[in-house]
Amino acid sequence: MLSNCLPRIKEFREPPLFSYRRGKNIKDYVVKSDIGPFKNPCQTTITGVSQKGFHYQTPGHKEYTIKQFLTCNSDHVICLLECPCKLWYVGETTCELKVRMNNHRHSIRKKRLDLPVSKHFVELKHTEKDLKFRIIDKIPIQRRGGEQSMPSKKTRT
């Protein structure tokens, strides 16, 4: 009807497109859209890595407690590196911890001076075997997707 009455308007020359919205069904009423917190299926611990309930103390004598099971296979974690001279380096990683620690060991072995951890170890003649580490926290996985928020700064205490 519009194309017959108004032939000069090009939008009316083609027939219009219609779209429909699906009506609600029983699933929309029964199923929750929020499934709750993510549960980590791996609840094993590895010696030398953080255990649930494990306490550690900072050089400033502040005490922290590990609140979950974390292993070398954990990703999106905050870890604490300690060298023999009792300096601590707190870092973050999005990959598995074992991969990140292997990268640190490799950079120490190759005597890389452009990275802070390996530079410290090389300058003070520490070896890769002197590197001790501990997971201190895990960044929670977002229930609805998106990126996991990581702390913005690395600090050394």
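A salt bridge here is a side-chain nitrogen of Lys or Arg within 4 Å of a carboxyl oxygen of Asp or Glu. Asp114 and Arg112 fit that description, their side chains meeting at 2.7 Å, N to O. Keep in mind that this is a predicted model. Of this pair, Asp114 is exposed, at 55% relative accessible area, while Arg112 is partly exposed at 37%.

Searching the whole structure turns up five salt bridges. Glu96 and Lys98 make one of them, with N and O 3.8 Å apart. Glu96 is partly exposed, with 30% relative accessible area, and Lys98 counts as partly exposed too, at 37%.

Another takes us into a hairpin. Strands S3 (residues 77-82) and S4 run antiparallel and pair over six bridges, with five residues between them. Have a look at Lys86 in the turn: its phi is positive, about 70°. Lys86 also forms a salt bridge with Glu82, the closest N and O atoms lying 3.6 Å apart. Glu82 has a relative accessibility of 18%, so it counts as buried, whereas Lys86 is exposed at 56%. Across the hairpin, Glu82 stands opposite Trp88 in S4. As for S4 itself (residues 88-93), five of its six residues are buried, so the strand is largely enclosed by the rest of the structure.

Now over to the other end of the numbering. Leu6, Ile9 and Phe12 form a nonpolar patch on the surface, and together they offer about 210 Å² of accessible area. Ile9 sits in the loop between helix H1 (2-5) and helix H2 (26-30), and its 34% relative accessibility makes it partly exposed.

Terms used
Residues are numbered from 1 along each chain as its sequence is written. This is a predicted model: local features need pLDDT of at least 70, side-chain atom pairs count only at pLDDT 80 or more; totals for chains, interfaces and linings use all residues. Side-chain values use heavy atoms; hydrogens and water are left out. Buried means under 20% relative accessible area, exposed over 50%, partly exposed in between (1.4 Å probe, protein chains only). Helices (H or I, at least four residues) and strands (E, at least two) are DSSP runs, numbered from the N terminus. Two strands pair if DSSP finds at least two bridges between them. Patches are made of residues with over 30% relative accessible area and no salt bridge: like charges are joined within 9 Å, nonpolar side chains (Val, Leu, Ile, Met, Phe, Trp, Tyr) within 5 Å. Accessible areas come from the Shrake-Rupley method with a 1.4 Å probe; for residues, only the protein chains shown count as cover.
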